[in-house]
Amino acid sequence: FNTSPNGRFIMQVTRTGLRMYDVASRQSWSLVDGSALGLRNLNWSPRGDMIAYVRAGDGGSGSYVWAMPVDAATGRARGPAQRVTTGQGNVPSLSFDGRWIAFARIDSGEARCLAIVPATGGPERVLARFCDNIESIYWSTDDRTIYVGLVGLAPPPDLPSIVKIRVDGGAQQVIRSRNYEWIAGMTADRRHLVLVPVKSRVAAGDRATVIDTAGREVGHVPLPVGDMVQYDGVLGDSALVWVAWRDHTMLEMRPVAGGRARRLPLIGESDDVPLWSPDGTRIAFQVRGGG
């Protein structure tokens, strides 16, 4: 999932490809066809007129950054999608003016290089190399600075940190180091980053932390208690958006030859992904609850 800057549209990865959903009309339509396993890392341009995403290469292997122009008012495609990276990469992030895409270039099987490429494709330029994995990328409003969320790769995974990088010279500055939190998003004016605890279930007393671009804490925000699947960014300068489970699925058995269905007792909040044992006497299934 990824919400447009104006909050009107949501990009969704489905089993059949990438779809656009209009929040107001509750209508959806296909943008990109392809396997869900090969589509990920969705990103909107700040103006809402272009999207970037990652899809697998030929034969379903590798991962490459693609871009597609869209109409900011209708959410419809304005032109065909095109692959913009020659090498593998992920975590694409469109610049404020929409001319560049920053991404995590894959080096030796891990995304450890921060690189930029024109949004229409072209030469790639590496800005920085890291020993840690790149988890998130955000541009400043003047497109001269990039903020990168990193997480350690060494077992056990090191705690995340945030690095500020100049595009012109690649100078690096760590503005927040080794705190147990993710970057949930950046405000529209690019003056503040919103950080959240690294956990799948928000507990009573958990808070988001707001920092400025120098790493100074400027405020805290209480978070609603409950399950969280992923944070989806910040709308404008005031709303934090995230995805949570609200469905409750149950398992049913029905004879192939016909007849009434029998629903199995619910365990946890939702039960799904059933699989018969080889002898047909038992069922293994996934139980979801409490994150």
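A nonpolar core, as I will use the term this morning, is a set of buried residues of the kinds Ala, Val, Leu, Ile, Met, Phe, Trp, Tyr and Cys that are joined through side-chain atoms within 4.5 Å. Please keep in mind throughout that what you see above is a predicted model.

With that definition in hand, let us look at the largest nonpolar core, which has 17 residues, and in which Leu-114, Phe-130, Ile-134 and Ile-146 are the ones with the most contacts inside the core. Several strands contribute to this core, for at least two of its residues come from each of strand S10 (100-107), strand S11 (110-118), strand S12 (125-129), strand S13 (133-139), strand S14 (145-151) and strand S15 (161-166). If you follow Ile-146 in the structure, you will find that, leaving aside residues up to four places away in sequence, this residue touches a list of partners including Ala-102, Leu-114, Leu-127, Ile-137, Trp-139 and Val-163. Apart from this core lies another one, of 14 residues, among them Phe-9, Met-11, Trp-29 and Leu-31. As general background, nonpolar side chains tend to be buried together in soluble globular proteins.

Let me now turn to a sheet. Four strands form an open sheet in the order S17-S18-S20-S21, and their pairing is antiparallel. S17 and strand S21 (217-222) are the edge strands, since each of them pairs on one side only, and the twist from one strand to the next averages 30°. Within this sheet, strand S18 (residues 192-197) and strand S20 (residues 207-212) pair over four bridges in the antiparallel sense, and Leu-193 has Ile-211 in S20 as its bridge partner.

Strand S17 (residues 181-186) also holds Glu-181. Is Glu-181 buried or exposed? Glu-181 counts as buried, because its relative accessible area is 13%, and the cut-off for buried is under 20%. The side chain of Glu-181 is joined to that of Arg-176 by a polar contact of 2.5 Å. Beyond its neighbours within four places in sequence, Glu-181 is in contact with residues including Pro-160, Leu-195, Val-196 and Thr-209.

Finally, consider Val-243, which lies in strand S24 (residues 239-243) and which is likewise buried, because its relative accessible area is 17%. Which residues does Val-243 touch, not counting those up to four places away in sequence? They are Phe-1, Met-228, Val-229 and Gln-230. Val-243 and Tyr-231, moreover, are 12 residues apart in sequence, while from C-alpha to C-alpha they are 6.2 Å apart in space.

Definitions and conventions:
Residues are numbered from 1 along each chain as its sequence is written. This is a predicted model: local features need pLDDT of at least 70, side-chain atom pairs count only at pLDDT 80 or more; totals for chains, interfaces and linings use all residues. Side-chain values use heavy atoms; hydrogens and water are left out. Buried means under 20% relative accessible area, exposed over 50%, partly exposed in between (1.4 Å probe, protein chains only). Contact means heavy atoms within 4.5 Å. A polar contact is a pair of N or O atoms within 3.5 Å; within protein, one must be able to donate a hydrogen and the other to accept it, and residues adjacent in sequence count only if both atoms are side-chain atoms. Two strands pair if DSSP finds at least two bridges between them. Axes are lines fitted to C-alpha atoms, for helices over the stretch in contact, and angles run from 0 to 180 degrees between N-to-C directions.
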